[in-house]
Amino acid sequence: MRLGVPAETAAGETRVALVPEVVKRLVAKGLDVRVAPGAGARALIPDAAFAEAGAELSDDVWGCDVVLKVAPPAEEEIGRLGADSVLLGFLNPLGAPGTVGALASAGVTAFAVEAIPRISRAQSMDALSSQSNVAGLKSVILAAEVLPRFFPMLMTAAGTIPPAKVLVLGAGVAGLQALATAKRLGAKTTGYDVRPEVAEQVRSLGAQFLDLGISAAGEGGYARELTEEERAAQQQALTDAIKGFDVVITTALVPGRPAPRLVTAEAVAGMAPGSVIIDLAGETGGNCELTVPGETVVREDVTIVSPLNLPASMPQHASMLYARNLLAFLDLVVGEDGRLNLNFEDEIVAGACVARGGEVVHPAVKTALE
Ligand code: NAD
């Protein structure tokens, strides 16, 4: 069976779906791996490293049995996939369900890494987590770069500087990593989420938990969207709380929905001059009312940074972790004989599959397409 790795073409995408370490393991399993020349260039992986690991360098990757991608394929790329081929990658199935529809029409069997169930057995395949870890860490580095003040407490001959106060809104994978990183840089940290079970995880990272009394646990371990009244109460309570923080990092998401608005213009106006907001939810509209997705803006002397695709700013390790996630999924679906063995009775295989047999098969994507 042949696996193909194209060069990513989406704007700003620097990652690559496989790295040499993982190619070596796939080749050892008896699989043929074909990598497009230059596919690893922006992740600083030379073609020679792929060749040394046993990959064949060839532009003819789209006709392979299984195509491995990072970003969702462009329309033109979908046209190059063979009918009966298999595609595995980020497909943004709820944000851009039309891509899944086009893949189904092309006869492709498509697996979206976002749809892999968040269960213990699938932890090693969890690309949302591996990439959110990168984003969470990098968000704090960005904040420290922009903040015109220190992160750690400094006791110097010229007197003492208090530590920066960092608030992280949304304590999922990215948020917890941001809390851990900010703590390591010496900040005084506070975390907030609407899933009550997160409080313990926040505290275990040496942070305080901001309890606003709103509980909104949803399905599959995710948060649900708040009601109008809950949203208003949350915004008001956060506006009061945010005043005291030097840095606010926002990571709150609800799958398939616009990012919840947590930080109002009034809250921004209440922050001290020089304070910083890093909004990681820009791709779905932003958690801050004043966020301009993909840009850095200054409002009321507060800098609001909305980086898109932060994992692409650390392509070497982001690609390595992602490739290991794909390897774990391939381990599940490739049989001893080196051939594809798709067992749709398996909840991971069935859950991740978004298109098959000419149809969109994922219930939430079907609903999104209606
Ligand atoms: P996510 O990226 O979808 O959302 C980030 C955070 O935003 C979540 O913690 C969510 O509760 C929070 N949020 C949503 N709306 C909010 C609001 N209005 N106000 C404040 N916070 C809000 O989440 P994620 O990081 O992908 O994690 C989702 C879940 O998956 C978590 O329960 C996580 O523990 C779980 N998970 C499980 C596994 C596993 O068992 N294999 C692995 C990773 C993550």
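# A walk through the sheets, helix 10 and the ligand shell

Start by selecting Thr 250, which stands opposite Asp 279 in strand 13. This is a predicted model, where local features need pLDDT of at least 70, side-chain atom pairs count only at pLDDT 80 or more, and totals for chains, interfaces and linings use all residues. Residues are numbered from 1 along each chain as its sequence is written.

Now show all of strand 13 (residues 276–279). Strands here are DSSP runs of E, at least two residues, and helices are runs of H or I, at least four residues, both numbered from the N terminus. Strand 13 pairs in the parallel sense with strand 12 (residues 247–250) over four bridges, and also with strand 15 (residues 302–305), parallel again, over three bridges. Pairing takes at least two bridges found by DSSP between the strands. On the strand 15 side, click Ile 278 and its bridge partner Val 305.

Are the two faces of strand 13 covered or not? Both are: Val 276 and Ile 278 on one side, Ile 277 and Asp 279 on the other, all buried. Buried means 20 or more other C-beta atoms within 10 Å of the residue's own, with C-beta atoms placed from the backbone.

Next, bring up the open sheet of eight strands, with mixed pairing and the order 3-2-1-4-5-6-16-17. Strand 3 (56–57) and strand 17 (359–360) are at its edges with a single partner strand each, so one side of each has no neighbour in the sheet. Further in, strand 5 (residues 86–89) and strand 6 (residues 109–112) run parallel, joined by four bridges; Leu 87 has Ala 110 as its bridge partner in strand 6.

Keep Ala 110 selected and add Val 5, Leu 18, Leu 326 and Val 354: of the 114 residues in the largest nonpolar core, these touch the most other members. Such a core is a set of buried Ala, Val, Leu, Ile, Met, Phe, Trp, Tyr and Cys residues joined through C-beta atoms within 7 Å.

Leu 326 leads to helix 10, where the buried residues include Leu 326, Tyr 322 and Phe 329. Helix 10's buried residues pack against helix 1 (20–28), strand 4 (66–68), strand 5 and helix 5, with contact meaning backbone-placed C-beta atoms within 7 Å.

Last stop: the ligand. Which residues come nearest? Of the 31 around the ligand, they are Gly 170, Gly 172, Gly 221, Ala 223 and Ala 252. Helix 5 (127–146) and helix 6 (173–184) are the elements giving two or more residues to this shell.

Technical notes
Buried ≥ 20, exposed ≤ 12 C-beta atoms within 10 Å, placed from the backbone. Near = placed C-beta within 6 Å. Contact = placed C-beta atoms within 7 Å.
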